[in-house]
Amino acid sequence: MRSDKKSRILFAVLAIALLLLPFITDTLFGRGWVRIVDFAMLYIMLALGLNIVVGYAGLLDLGYIAFFAVGAYCYALTGSPHLALAFPLVFPDGVHLSFWIVLPLAALLAGGFGVLLGAPTLRLRGDYLAIVTLGFGEIIRIFLNNLNAPVNLTNGPQGISRIDAVNVAGAPLSVTQNILGISFPPVHLYFYLFLTFTALVIFVSHRLEKSRIGRAWMAIREDEIAASAMGINTRDLKLLAFAMGAMFGGASGALFAGFQGFVSPESFSLMESIMVLCMVVLGGMGNIIGVILGGVLLAVLPEVLRHSVVPMQQAMFGKIVVDPESLRMLLFGTALIVMMLYRPAGLLPSRVRRRELGSDEVAEKA
Amino acid sequence: MTLRQAQGRLEAVYDNSLPLLQLSGIGKQFGGLSALSDVSLHIQRGEIYGLIGPNGAGKTTLFNVITGLYQPSAGEFQFNGTHYQTGKPHMLAQAGIARTFQNIRLFANLTALENVMIGRHVRTRAGVFGALLRNQATRNEEHAIAERARELLHYVGISQPAQTLAKHLSYGEQRRLEIARALATDPQLLALDEPAAGMNATETASLRTLLQTIRDGGVTVLLIEHDVKLIMGLCDRVAVLDYGKKIAEGVPEEVRKDPAVIDAYLGGGND
């Protein structure tokens with residue numbers, strides 16, 4: 001009972017801290033950092049989506065960013081003037097659907113793509129699956145890059161701009177809003193939007209993990225043959241994992257498009273897939289808190305580097321010797337090697353934590 | 001097929017003397033190699049049926065056919081009155097065949113309890129919406145799953161805490177955990193692939209007691225075993241495979257005296 005109360009207080013403190021986070025960040029580091037925090041939230045959502053596929057079901061997916069792209073372009077096309085270029089007679093002003101209609105559609109469409117990717121790869125595992133999914137991710141990106149002819153559907157490498165901002169209760173999040181005398185700039189507003197969705201994604205992940213479906217996924221991850229011998233329909237459950245993961249990706253993509261107001265294929269490169277995968281692996285596959293930690297670290301660290309390395313080098317050498325971007329890759333690689341050597345299961349591996357908490361939880365149930 | 005299945009089900013309902021499992025002319029080729037040819041046998045409800053034979057005789061292949069891992073190249077089998085030719089493993093588990101593996105295949109990084117809970121998958125229903133809403137029905141089901149899993153851990157005699165990871169259990173307990181996991185699927189036929197392999201005399205003795213208890217609980221047992229003493233003392237009937245063919249079948253005492261069996265085991269004879 002006592003630990004229950006303690007965790008409730010902890011939760012309340014955490015919630016208040018999160019609610020104040022954009023204001024704290026704004027005052028301490030400046031507005032640019034609030035934007036970085038917003039992006040970190042998007043990455044967390046992506047990483048948690050990928051965690052379902054990689055962490056729970058054990059299917060190595062190197063093309064995950066493709067689902068993000070599907071979601072992003074879904075809203076980019078249906079929430080911008082762009083389609084007026086392709087179909088001037090049908091949509092003279094483009095299509096301007098409400099974000100809240102497009103969001104579930106984007107999730108469903110991405111989920112459909114997830115099944116599309118999952119179905120032909122059901123028999124593949126490990127590195128073979130990784131190669132096929134990698135190819136899938138690239139195919140989507142290349143499609144987006146080239147679908148500006150014969151009909152200009154995606155505007156090719158230039159991307160789609162002037163995407164409508166997300167409206168909440170009739171108020172666009174792209175302009176500063178005054179609520180109860182406090183002024184909320186757009187990055188703050190989007191932060192709260194993303195926070196809500198991240199909370200939802202965490203909730204869904206958690207519920208799935210502790211369910212019959214989640215156990216079946218983990219059984220497939222551990223030993224697919226034994227799982228099928230225990231009566232688990234491995235085909236359906238793997239497709240479900242692909243679909244669920246892809247839906248998270250698609251929903252985050254739509255959020256991304258609304259937030260940025262602009263999408264282009266270069267946001268969906270292979271590097272981004274690898275980045276999200278690294279968040280899952282680094283944080284601790286299959287463990288929600290670990291994955292969140294991985295997402296925060298990998299989304300924020302490069303920015304910290306960018307803001308610290310340049311002035312540091314200028315102070316030391318009077319010029320920039322190592323470009324922060326290449327330094328980022330160097331540190332990234334080193335970090336991964338060190339991780340694989342010393343903490344192969346991630347910063348917060350799922351099992352250790354589970355075992356610590358597990359006995360209480362079960363005692364509680366019984 | 002559907003008519004046949006329906007007929008089969010009817011027969012199963014009305015005729016309990018019908019064999020639980022009936023193999024007719026099962027053959028399995030791997031490329032040019034014939035691992036099984038024309039194997040026919042039947043297993044009655046409530047018996048402990050042994051399958052023995054020298055290494056490479058095709059016992060595990062036959063097991064994999066029965067449990068749906070392999071599709072037979074020839075023949076078909078009937079389980080509980082339903083015909084199966086192709087088996088998807090999960091369908092056979094659903095139909096009531098559960099198995100263990102020769103080289104233990106537990107879900108190593110999951111707890112003992114979770115391993116057994118996964119065995120309940122096939123007899124429970126909660127889907128994604130159940131998981132997300134966690135409504136009363138789902139909560140009840142989860143509770144029942146955990147409860148039953150605990151019972152089974154106790155039943156097979158695992159003394160370690162239920163939260164121990166499967167990979168941290170002792171070898172003997174891992175074998176027992178596999179049996180518990182298989183029993184969690186509420187099987188009518190429990191197929192055990194060399195459950196006593198690598199066990200010492202004490203462990204084998206307690207395994208024998210466990211298998212008898214399981215049979216007395218109404219589960220038919222199919223057993224591949226190398227430990228002849230265990231087979232002879234435990235099984236009601238025994239079939240002997242050699243080079244993919246059934247060379248003998250009957251009560252253990254008869255089979256033991258069968259010249260073909262002695263030949264196969266001692267490697268003599270070229271008849």
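## Chain B at a glance

Chain B of this predicted model contains 11 helices and 10 strands. Its radius of gyration is 19 Å, close to the 18 Å that the globule rule gives for 271 residues, so chain B is as compact as a globular protein of that length. If you draw a box around its C-alpha atoms along the principal axes, the box comes to roughly 65 × 50 × 35 Å.

Two percentages help to describe the fold. Of the 271 residues in chain B, 46% are buried. Now take the contacts between residues at least 6 apart in sequence: 68% of these join residues at least 24 apart.

## An open sheet in chain B

Try finding the four strands of chain B that form an open sheet in the order 2-1-4-5, with antiparallel pairing. Strand 2 (33-43) and strand 5 (82-84) are the edge strands, and each pairs on one side only. From one strand to the next, the twist averages 25°.

Inside this sheet, strand 1 (residues 21-30) and strand 4 (residues 74-79) of chain B are antiparallel partners, joined over five bridges. One pair to look for is B:Leu21, which stands opposite B:Phe79 in strand 4.

## Strand 8, a covered strand

Strand 8 (residues 220-224) of chain B is mostly covered, and five of its five residues are buried. As background, side chains in a regular strand alternate between the two faces of the sheet. Here B:Thr220, B:Leu222 and B:Ile224 point one way, B:Val221 and B:Leu223 point the other way, and all are buried.

Which strands pair with strand 8 of chain B? One is strand 3 (residues 48-52), which runs parallel to strand 8 and is joined to it by four bridges; in this pairing B:Leu51 stands opposite B:Ile224. Another is strand 7 (residues 189-193), also paired with strand 8 in the parallel sense, over five bridges. There, B:Leu190 has B:Val221 as its bridge partner.

## Two asparagines with positive phi

Most residues other than glycine have a negative phi. A:Asn155 has a positive value, near 65°. You will find A:Asn155 in the loop between helix 6 (126-146) and strand 3 (167-168) of chain A. Is A:Asn155 buried or exposed? It has 21 other C-beta atoms within 10 Å, so A:Asn155 is buried, given that the cut-off for buried is 20 or more.

Chain B offers another example: phi of B:Asn80 is also positive, near 55°. B:Asn80 lies in the loop between strand 4 and strand 5 of chain B. B:Asn80 counts as buried because it has 21 C-beta neighbours inside 10 Å.

## Where the chains meet

How many residues of chain A are in contact with chain B? There are 26, and they touch 33 residues of chain B. On the chain A side, helix 7 (186-209), helix 8 (212-222), helix 9 (224-229) and helix 14 (350-365) each supply at least two residues. Helix 8 of chain A gives the most, with seven residues. By character, the chain A side divides into 12 nonpolar, six polar and eight charged residues.

## The largest nonpolar core

In soluble globular proteins, nonpolar side chains tend to be buried together. The largest nonpolar core in this model has 181 residues, and A:Ala241 and A:Val276 have the most contacts inside it. Leaving aside neighbours within four places in sequence, A:Ala241 is in contact with several residues, including A:Ile52, A:Tyr56, A:Leu59 and A:Trp217.

Definitions and conventions. Residues are numbered from 1 along each chain as its sequence is written. Chains are lettered from A and ligands numbered from 1 in the order in which they are written. This is a predicted model: local features need pLDDT of at least 70, side-chain atom pairs count only at pLDDT 80 or more; totals for chains, interfaces and linings use all residues. Two strands pair if DSSP finds at least two bridges between them. Axes are lines fitted to C-alpha atoms, for helices over the stretch in contact, and angles run from 0 to 180 degrees between N-to-C directions. Two residues are in contact if their C-beta atoms, placed from the backbone, lie within 7 Å. Ala, Val, Leu, Ile, Met, Phe, Trp, Tyr, Cys and Pro count as nonpolar, Asp, Glu, Lys and Arg as charged, and the others, Gly among them, as polar. A residue is buried if 20 or more other C-beta atoms lie within 10 Å of its own, exposed if 12 or fewer, and partly exposed in between; C-beta atoms are placed from the backbone. The radius of gyration is taken over C-alpha atoms; the globule rule is 2.2 Å times the number of residues to the power 0.38. A nonpolar core is a set of buried Ala, Val, Leu, Ile, Met, Phe, Trp, Tyr and Cys residues joined through C-beta atoms within 7 Å.
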